[in-house]
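Let's work through a few exercises together. Keep the sequence and the 3D view open beside you, and try each task before reading its solution.

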Amino acid sequence: MNKKTRVITTSALFIGLNMVFLYLSSVFPTMQLCFVGVTSLFIAAQVIENGIKGGLYVFAGSCILGFIIVPDKTSMILFALFFGYYPMVKSIAERYNKAIARWAVKLAVMTAAMAVILVFFGELIFDLSQFKYGVWVFAAVFELAFILFDIGMSRLIDFYMMRIHRKGNKT
């Protein structure tokens, strides 16, 4: 299969899968972060298969279709402002040799995204008045959750590379 055809078909497949999970995040609001987080895996798979450019196609297509199709726009805000582009940021950050540099880039991007989400969409997405310890404790818990998300995503990417990726499959 020629490279352009492969990029288009895998992009369409991953956009379709993203739409399923973004729609499910609207149907099951208690699982919203989980379903939106899963969409990052499809973009990561596209980045592995077709590079950052392919990941951008899936991100852009998912944003456009998602804002049209997905009824709960908070899921789309979370996707557009963090989960959608994070796999590309992760791919770039993982190129650094030093773990401190990798984590500094990833944490800086996540903190900036969290700040934008809280400042502009905080009342829509999170009811911060229910946190009796305030925004700083919420931010610390969010940072810890992000670290766990990143580690889990790394493990799932390793699994993908070993079991699914065409170059990692030696059979």
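**Exercise 1: The chain as a whole**

Of the 171 residues in the chain, 40% are buried, where buried means under 20% relative accessible area, exposed over 50%, and partly exposed in between (1.4 Å probe, protein chains only). This is a predicted model, in which local features need pLDDT of at least 70 and side-chain atom pairs count only at pLDDT 80 or more, while totals for chains, interfaces and linings use all residues. Residues are numbered from 1 along each chain as its sequence is written, and side-chain values use heavy atoms, with hydrogens and water left out.

Task: Find how many helices and strands the chain has, and what its radius of gyration is.

Solution, step by step:
- Start with the secondary structure: there are six helices and zero strands, taken from DSSP runs (H or I of at least four residues for helices, E of at least two for strands) and numbered from the N terminus.
- Reading along the sequence gives the pattern α-α-α-α-α-α.
- Next, the radius of gyration is 17 Å, which agrees with the value near 16 Å for a compact globule of 171 residues. The radius is taken over C-alpha atoms, and the globule rule is 2.2 Å times the number of residues to the power 0.38.
- The C-alpha trace spans about 55 × 40 × 25 Å along its principal axes.
- Finally, look at the contacts (heavy atoms within 4.5 Å). Among those in the chain with a separation of 6 or more, 69% join residues 24 or more positions apart.

**Exercise 2: A helix and its surroundings**

Task: Decide whether helix H4 (residues 86-93) is largely enclosed or largely open, and say why.

Solution, step by step:
- Count the buried residues: six of the eight in H4 qualify, so this helix is largely enclosed by the rest of the structure.
- Now name them: Tyr86, Pro87, Met88, Val89, Lys90 and Ala93.

**Exercise 3: Buried or partly exposed?**

Task: Sort Phe79, Gln46, Leu13 and Phe28 into buried or partly exposed.

Solution, step by step:
- Phe79 sits in helix H3 (residues 73-83). Its relative accessible area is 0%, so Phe79 is buried. Beyond neighbours within four places in sequence, Phe79 touches residues including Asn18, Leu22, Val36, Phe59 and Tyr85.
- Gln46 belongs to helix H2 and is also buried, with a relative accessible area of 0%. Outside its neighbours within four places in sequence, the contacts of Gln46 include Val7, Thr10, Ser11, Phe14 and Val58. Ser11 is 35 residues from Gln46 along the chain, and their C-alpha atoms are separated by 7.1 Å.
- Leu13 is part of helix H1. With a relative accessible area of 49%, Leu13 is partly exposed.
- Phe28 lies in the loop between helix H1 (3-27) and H2. Its relative accessible area of 42% makes Phe28 partly exposed.

**Exercise 4: The second largest pocket**

Task: Find which helix gives the most residues to the lining of the second largest pocket, and how the lining residues divide into nonpolar, polar and charged.

Solution, step by step:
- Rolling a probe the size of a water molecule over the atoms shows where empty space is left. On a 1 Å grid over the protein atoms alone, a pocket is an open set of points where a 1.4 Å probe fits, with protein on both sides within 12 Å along at least five of seven lines; lining residues have an atom within 4 Å of a point.
- The second largest pocket holds about 210 Å³ of space, a volume being the space filled by probe spheres set on the points, which are joined across faces, edges and corners.
- Helix H2 (32-69) and helix H6 (135-163) each supply at least two lining residues, and H2 gives the most, with six.
- Among the lining residues are Phe14, Val38, Leu41, Ile48, Phe159 and Ile164.
- The lining divides into twelve nonpolar, no polar and no charged residues. Here Ala, Val, Leu, Ile, Met, Phe, Trp, Tyr, Cys and Pro count as nonpolar, Asp, Glu, Lys and Arg as charged, and the others, Gly among them, as polar.
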